[in-house]
Amino acid sequence: MSSRSWERKVRKNMTQLNNQRKKQGKEQVVTGGDKSDRYYGRSIILPVFLLFFIGIYLITSLISGVTFRTIEWITVAAYIVMALVFFLRRPYLKIGKDYVQTRRMTGDKRINASGIKSITVQDGSILIEQVKGANWMFNRLLNRYPTAVIAERLKEFAKVNHINLIEK
């Protein structure tokens with residue numbers, strides 16, 4: 001039996017066990033392989049840009065004397081709601097046993113350890129270079145990630161998975 005099929009069987013049995021324990025009101029059991037660390041940031045730049053854009057739109061429309069119809073107010077409300085959604089939908093970095101996962105504009109993305117070429121750690125930013133595809137950048141300034149804590153965890157991740165770690 002291969003290692004992966006064994007892990008799938010363990011995961012399936014743990015899910016069943018956790019569902020039974022949940023029905024009984026007991027605490028769930030977490031296996032060593034299922035443990036992962038999730039670090040949250042905060043998206044500020046895009047919501048601020050959207051609010052700035054809609055503010056400029058309102059100011060220029062009011063200065064020019066345009067009367068707003070219902071569709072213009074719906075557009076303004078849609079931009080405000082979109083800014084709120086981007087602000088509340090927090091970006092994250094999840095570091096598992098053999099993978100790294102994050103949220104991008106198109107949804108959640110995951111890289112296995114074999115797909116990571118190197119990890120570069122700088123003060124305030126972390127760069128994960130992929131073998132194939134665009135690099136991932138996590139920054140304390142733009143997305144408010146706790147980069148110092150993430151850097152320590154990525155050092156352990158790189159050591160366990162034999163990934164080149166560059167510290168600058």
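For the charge count in this tour, Lys and Arg are positive and Asp and Glu are negative, while His and the chain ends are left out. With that in hand, select the charged side chains of this predicted model: there are 29 positive and 12 negative ones, and the centres of the two sets lie 7 Å apart.

**The whole chain**

Now switch to a cartoon view. You will find five helices and eight strands, and walking along the sequence gives the order α-β-α-α-β-β-β-β-β-β-α-α-β. Draw a box along the principal axes, and the C-alpha atoms fill roughly 75 × 50 × 25 Å. The radius of gyration is 22 Å, whereas a compact globule of 168 residues would have one near 15 Å.

Colour by accessibility next. Of the 168 residues, 31% count as buried. The accessible surface amounts to about 11600 Å², and carbon and sulfur atoms hold 58% of that. If you prefer a contact map, look at pairs with a separation of 6 or more: 54% of those contacts join residues 24 or more positions apart.

**Into the core**

Select Ile 116, Ile 119, Ile 126, Ile 128, Ile 150 and Phe 157. These belong to the largest nonpolar core, a set of 20 residues, and they touch the most other members. Which elements give two or more residues to this core? They are strands E2 (92-95), E5 (116-122), E6 (125-130) and E7 (136-139), together with helix H5 (147-161). Highlight H5 in particular, since five of its residues are in the core, the most from any element.

Stay on Ile 116 and show its neighbours, skipping those up to four places away in sequence. Its contacts are Val 100, Ile 111, Ile 128, Glu 129, Gln 130, Val 131, Phe 157 and Ile 163.

**Ala 113, beside E5**

Step back along the chain to Ala 113, in the loop between strand E4 (107-112) and E5. Is this loop residue buried or exposed? Ala 113 is buried, because its relative accessible area is 14% and the cut-off for buried is under 20%. Leaving out residues up to four places away in sequence, Ala 113 touches Asp 98, Tyr 99, Phe 157, Asn 161 and Ile 163. For a sense of scale, draw a C-alpha to C-alpha distance from Ala 113 to Lys 23: the two are 90 residues apart in sequence and 36 Å apart in space.

**Two positive phi angles**

Open a Ramachandran plot for this stop. Most residues other than glycine have a negative phi. Arg 144 has a positive one, near 55 degrees. Find Arg 144 in the loop between helix H4 (140-143) and H5; its relative accessible area of 46% makes it partly exposed.

Then travel along H5 to the loop that joins H5 to strand E8 (164-167), where His 162 sits. His 162 also has a positive phi, about 55 degrees, although it is not a glycine. Its relative accessibility is 75%, so His 162 counts as exposed.

**Last stop: Lys 35**

Finish in the loop between helix H1 (3-24) and strand E1 (37-40), and select Lys 35. This residue is exposed, with a relative accessible area of 55%. Which distance separates Lys 35 from Ile 95 in space? Draw the line between their C-alpha atoms and you get 9.1 Å, for a pair that is 60 residues apart in sequence.

Technical notes
Residues numbered from 1 in each chain as written. Predicted model: local features only at pLDDT ≥ 70, side-chain atom pairs only at ≥ 80, totals over all residues. Heavy atoms only, no water. Helix = DSSP H or I, 4+ residues; strand = E, 2+ residues; numbered from the N terminus. Rg over C-alpha atoms; globule rule 2.2 N^0.38 Å. Buried < 20%, exposed > 50% of the residue type's maximum accessible area, 1.4 Å probe, protein only. Contact = heavy atoms within 4.5 Å. Areas by Shrake-Rupley, 256 points an atom, 1.4 Å probe, with all protein chains shown as cover. Charge placed at Lys NZ, Arg CZ, Asp CG, Glu CD. Core = buried A, V, L, I, M, F, W, Y, C linked by side-chain atoms within 4.5 Å.
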